[in-house]
Amino acid sequence: MRATIEPASSTAGRSDAERTAAGEAARRRTFAVISHPDAGKSTLTEALALHARVIGQAGAVHGKAGRRGTVSDWMEMERDRGISITSAALQFSYRDAVVNLLDTPGHADFSEDTYRVLTAVDAAVMLIDAAKGLEAQTMKLFAVCRHRGIPIVTVVNKWDRPGKDALELMDEIAERTGLTPTPLTWPVGIAGDFRGVLDRRDGTFRRFTRTAGGATIAPEELLSAADAAAQEGANWEQAVEESELLAETGAEHDQELFLSGITTPVLFASAVSNFGVGALLDSLVDLAPPPSGREDVGGAVRSLDEPFSAFVFKVQSGMDAAHRDRLAYIRICTGVFERGMVVTHAATGRPFTTKYAQHVFGRERESVELAYPGDVVGLVNANALGVGDTLYAEKPVTYPPLTTFAPEHFAVARSKETAKHKQFRKGIEQLDSEGVVQVLRSDRWGDQAPVLAVVGPMQFEVASHRMEHEFNAPIALERLPYSLALRTDAGAVPQVSASGGAEVLQRDNGDLLAVFTDKWALRMLQQRHPSLNLEPLVAAQLA
Ligand code: G4P
């Protein structure tokens with residue numbers, strides 16, 4: 001089955017004249033799900049979409065290779081590897097809100113892409129597998145959210161299966177993230193014997209009802225505390241006792257503490273059965289923050305009602321082999337976006353016509369006529385736009401560039417066919433501006449052989465694949481022995497270049513990176529020349 005995605009803006013029931021940027025922004029909830037692979041992100045995404053009735057049956061919007069109706073993994077390589085690199089946003093209405101769910105790549109090697117997506121959200125859902133607790137990738141992504149001060153709602157998934165003890169999981173969250181968990185719901189029945197949840201806000205019982213394969217929304221039966229006690233006996237009593245214990249330790253929701261990133265509301269769910277999904281949507285609408293003004297490079301905040309402004313958080317090409325188009329995904333920061341409007345590209349001062357603007361999720365594309373702060377719009381044929389670029393209307397603004405991570409893997413790229421020099425150059429330039437890889441120049445290798453630098457080695461595979469299939473310029477990659485990069489300046493070049501296991505590489509914008517085989521090579525240089533300017537870059541460990 002193909003997904004039919006109805007953008008929420010078309011069903012909002014307000015006339016255009018009634019909409020103001022600030023008013024519409026207040027209804028927006030823009031978030032991403034962070035989790036370790038296999039915790040159930042795709043399943044939860046499907047369930048959320050299903051709940052918002054965007055699709056008729058789970059499995060149609062988003063999934064992994066081999067699954068029915070997988071429409072998100074369109075790149076050949078993604079299909080082969082069963083990973084999702086490409087990302088976009090799903091928009092739907094829920095109650096009176098408009099929810100934007102931004103998709104993040106599933107693999108740790110693409111943490112830089114994930115980081116960029118997280119610059120475009122106002123909240124995150126941390127999805128945990130009940131049996132596994134906090135896993136490596138979840139912790140890394142959590143660190144990014146913390147770094148950005150994004151409030152986090154936690155969902156403990158797969159409660160229908162045997163897993164850890166709920167109180168132990170709360171301890172684990174507190175100890176490893178430093179966030180105080182404030183459960184909104186509490187499981188009745190241990191993991192694997194999921195009876196339902198106690199809603200700690202009103203003391204009612206939401207009974208868990210299985211449906212075949214989670215294909216349609218499971219009815220959540222609502223029972224009073226007295227009925228729950230009568231029907232669930234010891235399981236109910238235990239849940240009530242544990243909930244009281246939590247209350248005594250201060251694990252109660254406090255909106256201010258949540259918004260300041262001190263606490264995290266927790267919900268228990270079984271995404272595959274669609275249980276807990278409605279509660280999650282309600283919590284996002286009730287608790288997650290709407291978009292607010294964003295600081296520009298000068299630290300000033302442009303308010304939501306000022307003219308249109310947005311920044312590019314992702315550029316994606318070659319999604320559709322038939323069209324080979326290039327999409328720039330913008331997150332709207334202020335004002336109203338109207339398709340066809342002419343905006344200014346802050347980096348060049350040139351006009352940009354937004355004739356083709358789309359909502360994109362998986363292979364589904366819908367034209368966007370109007371969009372508001374918090375919304376994501378895919379601009380088609382955006383060849384001039386690079387990751388981090390600002391677009392604005394009327395009053396100029398420039399948002400800060402997106403952080404580039406310290407690369408950890410390096411390789412010299414050479415064209416396999418000298419005759420294809422032009423295609424080679426074009427392809428490398430494009431991969432650079434999309435942020436697929438960082439492209440650096442080395443005096444040692446010269447202009448014909450740029451150095452590609454990445455956070456995760458799978459980025460090399462994507463670059464090679466795209467150079468061959470999209471730009472018709474196959475490349476040979478020769479790995480270099482470096483693993484460490486620091487920012488430096490021209491004054492340090494002679495010493496770094498003369499030092500063993502090190503060299504200086506240059507970015508297109510003139511930035512200089514000193515790269516080292518390992519920390520010993522760096523330390524040796526620092527011992528010999530303690531006053532050299534060597535500044536750490538944002539470590540990938542942060543993401
Ligand atoms: P990901 O995107 O985070 O990588 O995870 P995904 O949704 O693909 O889920 C990973 C596996 O966990 C899938 O099983 C999925 O069905 C299962 N799963 C997700 N949520 C729940 C849940 O609430 N309860 C249970 N019991 N399982 C859940 P799979 O066998 O890998 O794939 P499939 O063949 O079932 O689709």
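Visitor: Among contacts in the protein with a separation of 6 or more, what percentage comes from residues 24 or more positions apart?
Guide: This is a predicted model, in which local features need pLDDT of at least 70 and side-chain atom pairs count only at pLDDT 80 or more, while totals for chains, interfaces and linings use all residues. Residues are numbered from 1 along each chain as its sequence is written, and side-chain values use heavy atoms, with hydrogens and water left out. With contact taken as heavy atoms within 4.5 Å, the share that residues 24 or more positions apart contribute to the contacts with a separation of 6 or more is 70%.

Visitor: What percentage of the residues of the protein count as buried?
Guide: The protein has 14 helices (H or I, at least four residues) and 31 strands (E, at least two), as DSSP runs numbered from the N terminus. Its accessible surface, by the Shrake-Rupley method with a 1.4 Å probe, comes to about 21,600 Å², of which 49% belongs to carbon and sulfur atoms. Buried means under 20% relative accessible area, exposed over 50% and partly exposed in between; of the 543 residues, the buried share is 57%.

Visitor: Which helix gives the largest share of the shell around the ligand?
Guide: Among the 17 residues around the ligand (a heavy atom within 4 Å), those that come nearest are Asp38, Lys41, Ser42, Thr43 and Asp160. The shell divides into four nonpolar, six polar and seven charged residues. Its largest share, three residues, comes from residues 41–51, which form helix α2.

Visitor: How much of the ligand's accessible area does the protein cover?
Guide: Polar contacts are pairs of N or O atoms within 3.5 Å, and in one of them an N or O atom in the side chain of serine 42 is 2.6 Å from a ligand oxygen. A polar side-chain atom of serine 270 lies 3.4 Å from an oxygen atom of the ligand, and a polar backbone atom of valine 272 is 3.3 Å from a ligand oxygen. Of the 710 Å² of accessible area that the ligand has on its own, the part covered by the protein is 71%.

Visitor: How many residues apart in sequence are the parts tied together by tryptophan 159 and phenylalanine 268?
Guide: Counting rings of Phe, Tyr and Trp (its six-membered ring) whose centres lie within 6.5 Å, there are nine aromatic pairs. The rings of tryptophan 159 and phenylalanine 268 have centres 5.0 Å apart and planes at 80 degrees, so this pair is edge-to-face (over 60, against under 30 for stacked and tilted for the rest). Tryptophan 159 lies in the loop between β5 (152–157) and α6 (166–177) and phenylalanine 268 in strand β11 (residues 263–268), so the separation of the parts they tie together is 109 residues.

Visitor: Are tryptophan 159 and phenylalanine 268 buried or exposed?
Guide: The relative accessible area of tryptophan 159 is 1%. Phenylalanine 268 has a relative accessibility of 1% as well. By these values, tryptophan 159 and phenylalanine 268 are both buried.

Visitor: Which loop holds arginine 95, a residue with positive phi?
Guide: Most residues other than glycine have a negative phi. Phi of arginine 95, however, is positive, near 50 degrees, and the residue is partly exposed, with a relative accessible area of 48%. Arginine 95 is found in the loop between β2 (89–94) and β3 (97–102).

Note on methods: Polar contact = N/O pair within 3.5 Å; in protein donor to acceptor, adjacent residues only side chain to side chain. Nonpolar A, V, L, I, M, F, W, Y, C, P; charged D, E, K, R; others polar. Buried < 20%, exposed > 50% of the residue type's maximum accessible area, 1.4 Å probe, protein only.
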